[in-house]
Amino acid sequence: VAVNISDLAASGVQDILGITVGLVAPPSTDWKWVDEVYKGIEEALNTFGGKLLGGDCSRGSKKLLSITALGTKGPLDLHRSNAQPGDHIVSSGPHGLSRLGLGLLLSEPLAKSIHLTDELQKAAVQAHQKPKPPLNALRELIKCKPENLPWKAAAIDSSDGLLQAIEGLCLSSNCSAILEPNYLPVHNEWPKGGNWDHWCLYGGEDYELVVSLHPLWAQAWNKAMPKSKTIGRIIEGSPQIILSNGEKLLQDSKNNFNHF
């Protein structure tokens, strides 16, 4: 539910109407499993808004759960093709937390190689197990728009990773992005080092808004959202991501999420 609502938020949908659920399961499925799935759905809807509108259930050889979220679009036209040279790139919150949460739950070497504060560990596991759609970030973005600017910006959620989100903006808008390596959006207790930067850039499943905004709007959003951070800017050029020191950032085909 949270994942679907996050996609709606990245399209400028403020008000969540509800969801439909498609459930396929073998006849041998324990009823407790089904009951707890719908309890989780109810908890999410009570938290983020919307109602269970309907759906369909059927037998099948394996469990399959498909959610479709519906909502009404607000005044802001958010689309990944709306990025303009001169825009600032702003993240609504930290990245890498969900990937760290997974690492902690699986006892991966990097997650165990350094002392991590209890606060960081708790935030990471929570981010991985119970993602939150960036609805509040969208509402603040709408609320703080400077009056003289149009209701138009480029946005995407970072479900597939921060770098992949920025690449999506560049590809759709036919432009380049410059990132500041010293301003990566991370938790205030995030460790330093190349491997940790990698988890921030490529980790995925963080469900933050990554937005290309006019500098004045970006400044207003940063002020309204203390966890947001300006991490780079959009420039003219063929779609690519460059660090401010001139180094090109390439997609990591081994670790990147690929839908197919």
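**Close-up views of a predicted model**

**View 1. Strand β4 (residues 77-78) and β6 run parallel and are joined by 2 bridges.** Helices (H or I, at least four residues) and strands (E, at least two) are DSSP runs, numbered from the N terminus, and two strands count as paired if DSSP finds at least two bridges between them. This is a predicted model, in which local features need pLDDT of at least 70 and side-chain atom pairs count only at pLDDT 80 or more, while totals for chains, interfaces and linings use all residues. Residues are numbered from 1 along each chain as its sequence is written, and side-chain values use heavy atoms, with hydrogens and water left out. Within the β4 and β6 pairing, D77 stands opposite K152.

**View 2. Strand β6 (residues 152-157) is largely enclosed by the rest of the structure, because 5 of its 6 residues are buried.** Buried means under 20% relative accessible area, exposed over 50%, and partly exposed in between (1.4 Å probe, protein chains only). β6 is also joined to strand β8 (residues 209-213) by 4 bridges, and these two strands run antiparallel. In that pairing I156 of β6 faces V210 of β8 as its opposite residue.

**View 3. β4, β6 and β8 belong to an open sheet of 8 strands with mixed pairing.** The order of the strands is β4-β6-β8-β5-β9-β7-β10-β11. The edges are held by β4 and β11 (248-249), each with a single partner strand, so one side of each has no neighbour in the sheet. Helix α9 (residues 215-224) packs on this sheet and touches β5 (88-91), β6, β8 and β9. The direction of α9 makes about 140° with that of β8. Contact means heavy atoms within 4.5 Å.

**View 4. Strand β9 (residues 229-235) pairs with strand β7 (residues 176-179) in the antiparallel sense, over 4 bridges.** A177 stands opposite I234 of β9, and L179 has G232 of β9 as its bridge partner. β9 is also joined to β5 by 4 bridges, again running antiparallel. There, V90 has T230 of β9 as its bridge partner.

**View 5. Helix α6 (residues 135-143) crosses α9 at roughly 130°, and their axes come within 9 Å.** Axes are lines fitted to C-alpha atoms, for helices over the stretch in contact, and angles run from 0 to 180 degrees between N-to-C directions. The crossing angle makes α6 oblique to α9. Angles under 35 degrees count as roughly parallel, over 145 as roughly antiparallel, 65 to 115 as roughly perpendicular and the rest as oblique. α6 contributes A137, E140 and L141 to the contact, and α9 contributes W217, W221 and A224. By class, the residues of this contact are 5 nonpolar, no polar and 1 charged. Ala, Val, Leu, Ile, Met, Phe, Trp, Tyr, Cys and Pro count as nonpolar, Asp, Glu, Lys and Arg as charged, and the others, Gly among them, as polar.

**View 6. Three strands form an open sheet in the order β2-β1-β3, with mixed pairing.** β2 (51-59) and β3 (64-73) stand at its edges with a single partner strand each, so one side of each is left without a neighbour in the sheet. On average, neighbouring strands here are turned by 15° against each other, direction ignored. Strand β1 (residues 13-25) pairs with β3 over 10 bridges in the antiparallel sense, and G18 stands opposite L70 of β3. Helix α1 (residues 2-9) packs on this sheet, where α1 touches β1 and β3, and its direction makes about 30° with that of β3.

**View 7. S6 lies in helix α1.** The residue is buried, with a relative accessible area of 0%. Leaving aside neighbours within four places in sequence, S6 is in contact with P133, P134, D157 and Y207.

**View 8. S107 and N174 are shown with their loops.** Most residues other than glycine have a negative phi. S107 has a positive phi of about 55° although it is not a glycine, and N174 likewise has a positive phi of about 55° without being a glycine. S107 is found in the loop between α3 (97-105) and α4, and is partly exposed at a relative accessible area of 46%. N174 is in the loop between α7 (162-173) and β7, and counts as exposed at 57% relative accessibility.

**View 9. T117 is found in the loop between α4 (109-112) and α5 (118-129).** T117 is partly exposed, with a relative accessible area of 30%. T117 and E208 are 91 residues apart in sequence and, C-alpha to C-alpha, 23 Å apart in space.
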